[in-house]
Amino acid sequence: MFKHAVAATALFTVIWSPAQAEMNGATRIGVLNDMSSVYSDFQGAGSVLAARMAAEEFAKTPKRKVEILSADHQNKPDIGAEIARRWFDVDGVDMIVDVPNSAVALAVADIARDKNKVFIGSGAGTALLTGAKCSPNTVHWTYDTWSMGHGVARGLLQQGGKTWFFVTADYAFGDDLQKQASEQVNAEGGQVLGSVRHPLGTSDFSSFLLQAQASKAQVIGLANAGGDTVNTIKQAGEFNLGAQQKIVALIFDLQSVPALGLKTAQGITALNAFYWDLNDQTRAWSKAYQERHPNKDMPNHMQAGVYSATLDYLAAVDRVGTPSDGRGVVTAMKQNPVDDPLFGHVVIRPDGRAVHSMYMMQVKTPDESKNKWDVFKVTATIPAEQAFRPLDQGACPLVAK
């Protein structure tokens, strides 16, 4: 399996060489994600393209050679960890970015700390990365389980959804997402009636959905993501669960809408950090991205996060003068807030959390949509100071008491 991953790395390697002399050699960035399974449409080749575009943008002021590598971790922590070690030890990779699948992300974060490299999680979900497992070598971009679990649950509770049952992906990400949403439910006087866990990438959700139906909970919370969320919603429709209970996806991304179809997806609430149609800057970048995407997809917020995080990382390497000191580069990122064209004002906190606004959105009706990717309308903007877990509540050892 690892041979397959290395082959993928070679296949997707792209080199961007500024015309002028290198400064301290090449900076090598590895995009590590799911290229072939439940998250491949949501990160996959799209995240690699986003990293390439960041390297191209950085090369407009030629100071340093940047190389982009990629590989498929196959949603297996041992494979992801082995790729990360080889990249750091043998292939001279300085930073790993993306890494959907929280179990893989936690493993990569530990390796980056041990080897004084940099890990930026734009596809990773678990809030442990800026909590008890925080690291001076890790930055968490885009979203996390705290922001999604608390934010979406808060909105549903305000609409009267007081009793909950969770259908949860059976690994670190799903457990953490359910935990965060449950905290919000309990804090606001709601009640969690139960939960059921499903294997990652399962094709049959019928037994799990029947348990959710039998609970008679007002809200069925889906603590999963990607293709698993799409398949859960499709099969919930077959059981007509939505007639008596509200189906709520705690993670719901752009690519989920065409996968479901607007007729099925209309009205679904989503919380994202970016949407391609927010403003002139997001539209311009997204259209350039779409032109180059193999399936002509628009970018979701995690793919946009790869672009923005990679650019910010390269700017920090430039300030430090070398990518070799991972902690030094992350410190430089924390010391320099950015006004990003895609995410707006971004501050990286001492715990490594990149803080920015989030957007509550709702899927449009077929009559409201003008084209395949015109799927969301923004219903509320959550300011940065409210969108993420308070700094003093994460138990991160890097945060002063």
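When I say that two residues meet, I mean that they are in contact, with heavy atoms within 4.5 Å. With that in mind, let us look at this structure, which is a predicted model, and begin with a pair of helices.

Helix H2, residues 44–58, packs against helix H11, residues 280–292, at an angle of about 120°, and their axes are 11 Å apart. The two are therefore oblique to each other, and the crossing of H2 and H11 is right-handed. On the H2 side, Gly46, Ser47, Leu49, Ala50, Met53 and Glu56 take part, and they meet Trp285, Ala288, Tyr289 and Arg292 in H11. By character, the residues of this contact between H2 and H11 are six nonpolar, two polar and two charged.

A second pair is helix H3, residues 77–89, and helix H4, residues 102–114, whose axes come within 8 Å and cross at roughly 30°. That angle makes H3 roughly parallel to H4, and here too we have a crossing that is right-handed. Among the residues making the contact are Pro77, Gly80 and Phe88 of H3, together with Val104, Ile111 and Ala112 of H4. The contact of H3 with H4 divides into 10 nonpolar residues, one polar and one charged.

Now to the interior: which residues touch the most other members of the largest nonpolar core? In this core of 103 residues, they are Ile120, Trp141, Phe252, Tyr313 and Phe376, while helix H12, residues 301–320, gives the most to the core, with nine residues. Leaving aside residues up to four places away in sequence, Phe252 touches several others, including Ile233, Leu260, Asn272 and Phe376. Apart from this core lies another, of 22 residues, among them Ala81, Val99, Ala109 and Ala112.

Terms used. Residues are numbered from 1 along each chain as its sequence is written. This is a predicted model: local features need pLDDT of at least 70, side-chain atom pairs count only at pLDDT 80 or more; totals for chains, interfaces and linings use all residues. Side-chain values use heavy atoms; hydrogens and water are left out. Axes are lines fitted to C-alpha atoms, for helices over the stretch in contact, and angles run from 0 to 180 degrees between N-to-C directions. Helices (H or I, at least four residues) and strands (E, at least two) are DSSP runs, numbered from the N terminus. Angles under 35 degrees count as roughly parallel, over 145 as roughly antiparallel, 65 to 115 as roughly perpendicular and the rest as oblique. A crossing is left-handed if the near helix is turned anticlockwise from the far one by less than a right angle, and right-handed if clockwise. Ala, Val, Leu, Ile, Met, Phe, Trp, Tyr, Cys and Pro count as nonpolar, Asp, Glu, Lys and Arg as charged, and the others, Gly among them, as polar. A nonpolar core is a set of buried Ala, Val, Leu, Ile, Met, Phe, Trp, Tyr and Cys residues joined through side-chain atoms within 4.5 Å. Buried means under 20% relative accessible area, exposed over 50%, partly exposed in between (1.4 Å probe, protein chains only).
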